[in-house]
Amino acid sequence: MPMLVLENHVSVTIVHFLSLGLPAKYISQCIDEIKQELKQDNIAVKANAVCKLTYLQMLGYDISWAAFNIIEVMSASKFTFKRIGYLAASQCFHEGTDVIMLTTNQIRKDLSSPSQYDTGVALTGLSCFVTPDLARDLANDIMTLMSHTKPYIRKKAVLIMYKVFLKYPESLRPAFPRLKEKLEDPDPGVQSAAVNVICELARRNPKNYLSLAPLFFKLMTSSTNNWVLIKIIKLFGALTPLEPRLGKKLIEPLTNLIHSTSAMSLLYECVNTVIAVLISLSSGMPNHSASIQLCVQKLRILIEDSDQNLKYLGLLAMSKILRTHPKSVQSHKDLILQCLDDKDESIRLRALDLLYGMVSKKNLMEIVKRLMTHVDKAEGTTYRDELLTKIIDICSQSNYQYITNFEWYISILVELTRLEGTRHGHLIAAQMLDVAIRVKAIRKFAVSQMSALLDSAHLVASSTQRNGICEVLYAAAWICGEFSEHLQEPHQTLEAMLRPKVTTLPGHIQAVYVQNVVKLYASILQQQEQAAEAEAAQEVTQIMVERLPQFVQSADLEVQERASCILQLVKHVQKLQAKGVPVAEEVSALFAGELNPVAPKAQKKVPVPEGLDLDAWINEPPSDSESEDEKPKAIFHDEEQRQARHRQPEVDEEELARRREARKQEQANNPFYIKSSPSPQKRYQDAPGVEHIPVVQIDLSVPLKVPGVPMSDQYVKLEEERRHRQRLEKDKKKRRKKEKKGKHRRHSSLPTESDEDIAPAQQVDIVTEEMPENALPSDEDDKDPNDPYRALDIDLDKPLADSEKLPIQKHRNAENSKSPEKEDVPVVEKKSKKPKKKEKKHKEREREKDKKKEKEKKAEDLDFWLSTTPPPATTPTPIPSMEELGVNAVTTPANTCEGPKREEAEDEDDEAEQDPERKFTRHKKKKHKKEKEERTKDKKKVKKKQPEPGEEAAGPVENGAAEEEPIPPMSSYCLLAENSYIKMTYDIQASLQKDSQVTVSIILENQSSSFLKNMELNVLDSLNAKMARPEGSSVHDGVPVPFQLPPGVSNEAQFVFTIQSIIMAQKLKGTLSFIAKDASGATHEKLDFRLHFSCSSYLVTTPCYSDAFAKLLESGDLSMSSIKVDGISMSFQNLLAKICFHHHFSVVERVDSCASMYSRSIQGHHVCLLVKKGEHMVSVDGKCSDCILLSNLLEEMKATLAQC
Amino acid sequence: MIQAILVFNNHGKPRLVRFYQRFEWLSFTNPLGKASANFSPLATELDGSVPALQLLQGHICDERAVVQLDRLQPIPQVVDAIVCDKLTVGHTEYSKLRTMYRKLDYRPISCLNIFFQPEEIQQQIVRETFHLVLKRDDNICNFLEGGSLIGGSDYKLIYRHYATLYFVFCVDSSESELGILDLIQVFVETLDKCFENVCELDLIFHMDKVHYILQEVVMGGMVLETNMNEIVAQMEAQNRLEKSEGGLSAAPARAVSAVKNMNLPEIPRNINIGDLNIKVPNLSQFV
């Protein structure tokens, strides 16, 4: 059996690899062998070799050198080998693989293979190594596979679309309609795949998918597949924060699911989503306590379960509730504290997370005490470190909100320094510094504790073991130095800091030591000079001089530098002291001033001052031309400088004063300039400023000095006593005087009611962090510009534009883009194309503008607004109205609320006003309504703008800005021909890219009950105008329409025409032939039509600035002509809109009832118009580079205006 | 999305490694353990010149390496050397690196990044995951917050332990934790059906088949099918197709002779494969 032997070959090799240690020599021998095999012609040998390589790859060997061989195997005709090739490719190909571009055609071939498994293997492989290029080239092929007959292929094609979207975001919009359709695929696997993809997309940019909510809602109530349900429920969790009304709707079915399901996974996700809903509702509706209770109850069951997994998840979900409904969680404190003792570290960590949100002023000390006992018990350092950070997090959260006694906190921090081998020394140090700087009242106590720390030897000793706790000394030294005036025994501390052992500390700590020794020294000097103990002062100086040299010898640059500098200084002081000169004042002047904390984001928030251009060159960039002589330049430069120097003294006093003022101003704005006076920034409103913290005058009942290193436990007792006393006192006072009560409270906006009774023990003066003045209130600091998902933030509800098509490898013209699959799915085509109709009315350029401005659509650019107003082409971002939900609610017994119904009624009114010719789907109705809202909004904007006449006069007034009345909807599609079978409407668009080419879009609407197919459009070419036909066909052949029309369906086809001369309008005769098929049989039908190319259809809306416009008119190259139309009742704004819309002009400038307009033909003719409106009449003066074109245009315009 | 699927045995030997995301570079600050040995001989050759620094690429560095670099003080050059060689860098990584490069003035050298072969990173991840999972008892929860190597806080490791094998899925927050646990169960049961009493040896000798089964369950990081019967049916259909093509039997005599000529005595004899059968526990109520 040869097969067996060969399989053994693979196995034997693999058994080799198995040998532990994997001798490199053996592997290289294997690779050599594989290389030999790859060189053979036989594909089976190659495939075998590639298979072995895949195994090697798993073991961590680079196999990218065989990429080409892998491609060879991929292109094998047999499935067996192909599969091996694709597997290897999926394991080792990536974006950087250069041969990957060779695979495009192979993959395309496999995708369209008749065998479903070939296709499947190609899809699977591609999903792992798709690159932007591959995605672009294959998107269309994959999209057709989405409607493959086999569900096996469909589901794979649907899933891979997500990868394609990621790599090629442009494909999202064209493919989305079909993806949406797959949500209702008969096959559950395909459905699940579609849900999967949309959930994944929506997770990143949920707001674009809100409009799908009704569909998902339906799926949720109908689906029985738990996977799908979980995905949908998760998706709703992401959507609810954006639309609270959705949440209300969800609560009921979700609660039902919670009650009914037996699958824990589903239950858990339901609870999660209910929580998300409640969070989103919490602001508006407080009456969901029942749901919260249900959730908490269910979670408690999970947490109490013996299954550790459920316990873990329960805690995880609990922490989400905690954020918004802390009270309902706090009642389960016992349970959570119990979880702290769990043997499972993951569970303990989760419980810790929960604790963070459960603390209050009352229980903080108790909880921290409990955590401290865990710290002592904890065996693993990682968990202990985690505990440590959690303790610090809990205590320091929201600006030390819950700490009532900072002495207790400092002693906790000091206790934490006893931990051996923790990595978080720097964290403790940072806390010490922060507290000492920001809480002024605690400084005295902090200093006493820190000096004790400096004294104790264990920290210094531990530094030799290279662990992080010695970082604490950094803070200790700094605090002792900076606040040395509070030191009880400065001498002793000075000695401690100058001990020889200090030199074993890391460099940066030593540096702080050196610097702060001087601060300490300065304050000692001061004290002693005041006490007139000159000898003692000299003694201290002597100590300094003796001890400092040990630092001068330090290997650390910073330490060395500081030490030698300071040594010299002290020596100088010594000399002065010997002479009896008082020096203390001068020495302490070195450290005058106070440090204030600066907010971490302060630097970023400094606004760029007006008039400062950061991109401008400070000096002129060096010129590139080398021909310029250097010397004369230098002389000139010199001269200028001399002049400048000469001028300087002339600056008078006033100027100097002004400058000083300016500088002061500048310094005030500079966050890093340390001010002498209390900074005005403290008035900054966002953060709780100093004045927000009421100063409580209480006799300190806690002794400020606890001998030795204190135990934090003592504080717990003391604190209880203190609180008790306080309560008594308060009761007394209450009885005496009710008004006085407020005085003893902390700020009333504090969160929990029960907390406010507890007054802090210290005079808490938490200095807020400074922010620069006029700080920009932006929160967009943390966005990563490289986020790949950002590109997928695409509005999916906007109708598709022409330009948005998946690239097809064939000829670009519309006539040629007929693919065989399209015939299978006429309905899809219709869906995706229908919105296009509306879009069509606009020029390509404006569409692109639309996209850009989508986000800032309410911006001042009313020009843009006007041009998009007539048809509802640019819908605002989808606001999923309850209307849709309401409609879908018919399928469920849920209650429909009142609001939506009313909205719907309004909608119907709207519809009644519409042109009866148009058939509006519900979807469009909504859009139209929204668009109206939009309009009114814009108008408001305009009103606001009006009070600035100067601006209005200066800038060009945009189209119709001042008008009040809405513009009626317009359509540029006009009837081409009609019979009992079919109705054709058309529109002609010119594009600037191709001069002398226009695209005719024809909407074919099947009016009969027969099925129309084999449609073919033929036009009798004239000398001037020719239809573009597929290559190889003669001028008499028709162009097939790339779709079929079932009864009642309409679709749009595009045809390209080449035009020689555009100055004259012209008509082309044509015929549409088709086969109408109904129950009785098929008949061949024909419909004749005349295609009218007006001169306006050759114009392209081109924006023009008024100065360019003026130049154009001045040039005198233009011939002139004019018309007058009487009996016009329409408002001027609408009139302009009409001209813009039908004749493709843009408004350059508008003053009162006079406007200048501009457009350009595809062959580059400029057309300028001056439109004036009098009483019931309009005059149009035109100028154009071609007089025939102009007169023709004006004639057409006259016809349009006559209808007004 | 599922980011990675790893299967390894009690000794940390990889049995199935499937990444759906690419890891191209790692931070210097990661404690990478043993592998740093590679670097030491190299570091001595460094003289600070750019070509020498380019040697750094693809070598795993640890604190010692940082110290070496610190001694040479060629910070901008190192980064230049790495940044210049765009070939080893993916596009996104490259732009990330650029931003980092800009910030470098304010940062200590330990934030430098060095590029690795993806395979090396994968091995690191397998190793780290193994150590994380090995420490855990059987009766504690099956979720692990992401290790330092895979992703950030958004990622979770979800694993199950069957006999000698650990099945680990690394997923992000879009996946349901309990759902993935059930998916692992489905995957293992499918393996069991396809191989009839699956054991670790099956995974070794039919590495490709295991991948094919996985491909029917998970595609490109997204769950494709959860119905076991459907998966088994598709696998059987593909196996039939392969048989009809004659499988690998079409291989020529040369390959056969290659086996014969192999130096069999060199093959290690004592291969400890361990406890072989995977016990499939009861199905949960899922699917």
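Accessible areas come from the Shrake-Rupley method with a 1.4 Å probe. On this basis, the accessible surface of chain A comes to about 56,600 Å². Carbon and sulfur atoms hold 52% of that area. The model is a predicted one.

Chain A has 1204 residues, and 53% of them are buried. Its secondary structure comprises 47 helices and 15 strands. Contacts in chain A were examined for pairs with a separation of 6 or more. Residues 24 or more positions apart account for 71% of these contacts.

Chain B has 287 residues, of which 56% count as buried. It contains 11 helices and nine strands. Among its contacts between residues at least 6 apart in sequence, 63% join residues at least 24 apart. The accessible surface of chain B is about 12,700 Å². Carbon and sulfur atoms contribute 50% of this surface.

A search for disulfides covered the whole structure. It found zero over all chains. Two cysteines of chain A illustrate the settings of such residues. A:C30 has a relative accessible area of 4% and is therefore buried, since this value falls under 20%. A:C1154 has a relative accessible area of 25%. This value lies between 20% and 50%, so A:C1154 is partly exposed.

Helix α3 of chain A spans residues 43–58 and includes A:T54. The relative accessibility of A:T54 is 2%, so the residue counts as buried. A polar atom of the A:T54 side chain lies 2.8 Å from the backbone oxygen of A:V50. Beyond its neighbours within four places in sequence, A:T54 is in contact with three residues of its own chain, namely A:L87, A:A88 and A:Q91. A:T54 is also in contact with B:M207, a residue of chain B.

Helix α17 of chain A runs over residues 308–324. Its 17 residues should span 24 Å, because each residue is taken to add 1.5 Å and the expected span uses one less than the number of residues. The end C-alpha atoms are 26 Å apart, which agrees with that expectation. The helix is mostly covered, with 14 of its 17 residues buried. A:D307 caps the N-terminal end of α17(A). One of its side-chain oxygens lies 2.9 Å from the backbone nitrogen of A:N309.

Strand β13 of chain A covers residues 1154–1161 and holds A:S1156. A:S1156 has a relative accessible area of 10%, so it is buried. Residues up to four places away in sequence were set aside when its contacts were listed. A:S1156 then touches A:S1146, A:V1147, A:V1148 and A:E1149, among others. Its contacts also include A:F1109, A:L1169 and A:L1170.

In chain B, strand β8 consists of residues 218–219 and includes B:V218. The relative accessible area of B:V218 is 1%, so this residue is buried. Its contacts, leaving aside neighbours within four places in sequence, include B:I2 and B:I5. B:Y20 and B:L183 also contact B:V218, as do B:V223 and B:L224. B:V218 and B:M1 are 217 residues apart in sequence. Their C-alpha atoms are 9.9 Å apart in space.

Conventions
Residues numbered from 1 in each chain as written. Chains lettered and ligands numbered in written order. Predicted model: local features only at pLDDT ≥ 70, side-chain atom pairs only at ≥ 80, totals over all residues. Heavy atoms only, no water. Helix = DSSP H or I, 4+ residues; strand = E, 2+ residues; numbered from the N terminus. Buried < 20%, exposed > 50% of the residue type's maximum accessible area, 1.4 Å probe, protein only. Contact = heavy atoms within 4.5 Å. Disulfide = S-S within 2.5 Å. Polar contact = N/O pair within 3.5 Å; in protein donor to acceptor, adjacent residues only side chain to side chain.
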